[in-house]
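I open this notebook to record what I looked up in one structure. The entries follow the order in which I consulted the model.

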Amino acid sequence: MSADASGGRTASGGATQAHDGRRRPLLVIDTATSAIVVATARPDGELDGLRTWAAGHRHGETLLPSLGGFLGEQNVRRSRLAAVIVGTGPGGFTGLRVGLATAKGIARALGIPIVGVATGRALLVAAEADGAGPAAALTLLLPAGPWDRVAVRIGEHPRLLRGTADPDIEHDRLVAVDLEGRAPADALARGESARSGLAAALARLGAARLAAEPAGDDLARLVPEYVTLPRGVDRPPSGDVTLSVG
C-alpha cells in the first residue's frame, strides 16, 4: 500500500501482475462518504485495484488527478475501460455532484456503459460480508448536515432523522458512517469495517447489473440522492429532496 500526492492510499489485489495494458476493467467511483473511492475490477466484479483518500472539501480538486494517477499505476488506459460503476448515495451535495459528473463524463466521452449503485446498499452489503448480520436486517446511519442523520434500509426509502432522534431498531443492527460522536461506538466500528469493503461491494453489485443490463443506465436519468444541499437551498418540511446533476 502506498500514498499518493493527495494523501490517498493505493492497494492492489492479487491480479496486479496481469495488468499488461490489454485488459478492459470496470472503473468504480464513489464520493458519497468522507473518503473518496476509486477502483478497478474484472468483468465478474472482483476488485484488482483500489485507492481511497480523505475528501475533505476538495472533491473537485483531487478526484481527476488522483484517478489519472491511479489508472497509470494500474497500467490502464482510459480508452480500455469497459464500463463505469458509480455510487449514487445518499451523500452530501458537493461530493456526489463531483463524483457523478466525473463518472458521466468518462462514460460519455468513451461511449461505454455506466451503472449507478446506491452507496447505502453497498455499505450494508459490505457490512454483511464482514459478519454484521444479514444486510436486509441492518440499518445504515449517515450524516445529513451537522445535526440530522439519515437511516437507510434495503428496500426502503431513506428516512431523515431530525436531531438526536434514534431509529426504531436494536443498536446491534446499526451501521454508522461519518458520525463520530453521534452514534454508538459499536455502530461506528461496523461502519468503518463496511467502508473498507465498499469498493468490493460496489464492484460486485455493479458487475451484476451490467451482466443483466449490458447497456447500463440512461445518462440523463442517472441522478444521485443527496442528504445535504448546497448553500442557499432549503429542505422542505417533508424532508424529501432529490436534485439532478444533469
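Entry 1: terms and source. I count two strands as paired if DSSP finds at least two bridges between them. Helices (H or I, at least four residues) and strands (E, at least two) are DSSP runs, numbered from the N terminus. The model is a predicted one, in which local features need pLDDT of at least 70 and side-chain atom pairs count only at pLDDT 80 or more, while totals for chains, interfaces and linings use all residues. Residues are numbered from 1 along each chain as its sequence is written, and side-chain values use heavy atoms, with hydrogens and water left out.

Entry 2: the mixed sheet. I looked up the bridge partner of Leu 141 in β9 and found Ala 151. Strand β9 (residues 148-152) and β8 pair in the antiparallel sense, over five bridges. I then traced the sheet, an open one of four strands in the order β10-β9-β8-β11, with mixed pairing. Its edge strands are β10 (159-161) and β11 (174-176), each of which pairs on one side only. On average, neighbouring strands of this sheet are turned by 30° against each other, direction ignored. For such angles, axes are lines fitted to C-alpha atoms, for helices over the stretch in contact, and angles run from 0 to 180 degrees between N-to-C directions. Helix α3 packs on the sheet and touches β8, β9 and β11; its direction makes about 135° with that of β8. Contact here means heavy atoms within 4.5 Å.

Entry 3: Thr 139. I asked whether Thr 139 counts as buried or exposed. It counts as buried because its relative accessibility is 3%; buried means under 20% relative accessible area, exposed over 50%, and partly exposed in between (1.4 Å probe, protein chains only). Thr 139 is found in strand β8 (residues 139-144). Leaving aside neighbours within four places in sequence, I noted its contacts, among them Leu 124, Ala 151, Ile 169 and Val 175.

Entry 4: helix α3. I found helix α3 (residues 119-129) mostly covered, with eight of its eleven residues buried. Among the buried residues are Thr 119, Gly 120, Leu 123 and Leu 124. Just after α3, Gly 131 takes a positive phi of about 95°.

Entry 5: strand β6. I turned next to strand β6 (residues 83-87), where five of its five residues are buried. Ala 83, Ile 85 and Gly 87 point one way, whereas Val 84 and Val 86 point the other way. Strand β3 (residues 26-30) runs parallel to β6 and is joined to it by four bridges. The bridge partner of Val 28 in β6 is Ile 85. Four bridges also join β6 to strand β7 (residues 114-117), again in parallel, and Gly 87 stands opposite Val 117 in β7. From β6 the chain crosses through helix α2 (residues 93-110) to β7, and this β-α-β crossover is right-handed. Right-handed means that, with the strands pointing away from the viewer, the path from the first strand over the helix to the second runs clockwise.

Entry 6: aromatic pair. How many aromatic pairs does the rule give? The count comes to one. Rings of Phe, Tyr and Trp (its six-membered ring) pair if their centres lie within 6.5 Å; planes under 30 degrees apart count as stacked, over 60 as edge-to-face and the rest as tilted. Phe 93 and Tyr 226 form a tilted pair, 4.9 Å centre to centre with 45° between the planes. The pair links distant parts of the chain, 133 residues apart: Phe 93 is in helix α2 and Tyr 226 in the segment after α5 (198-212). Both Phe 93 and Tyr 226 are buried.

Entry 7: nonpolar cores. A nonpolar core is a set of buried Ala, Val, Leu, Ile, Met, Phe, Trp, Tyr and Cys residues joined through side-chain atoms within 4.5 Å. I found 34 residues in the largest one, where Leu 26, Ile 85, Leu 123, Leu 140 and Leu 142 have the most contacts inside it. Elements that give two or more residues to this core include β3, β6, α3 and β8, and α5 gives the most, with seven residues. Apart from this core lies another, of 26 residues, among them Ala 32, Val 84, Ile 106 and Ile 114.

Entry 8: Gly 191. I closed with Gly 191, placed in helix α4 (residues 185-196). Gly 191 counts as buried because its relative accessibility is 0%. Leaving aside neighbours within four places in sequence, Gly 191 is in contact with Val 175, Ala 176 and Val 177.
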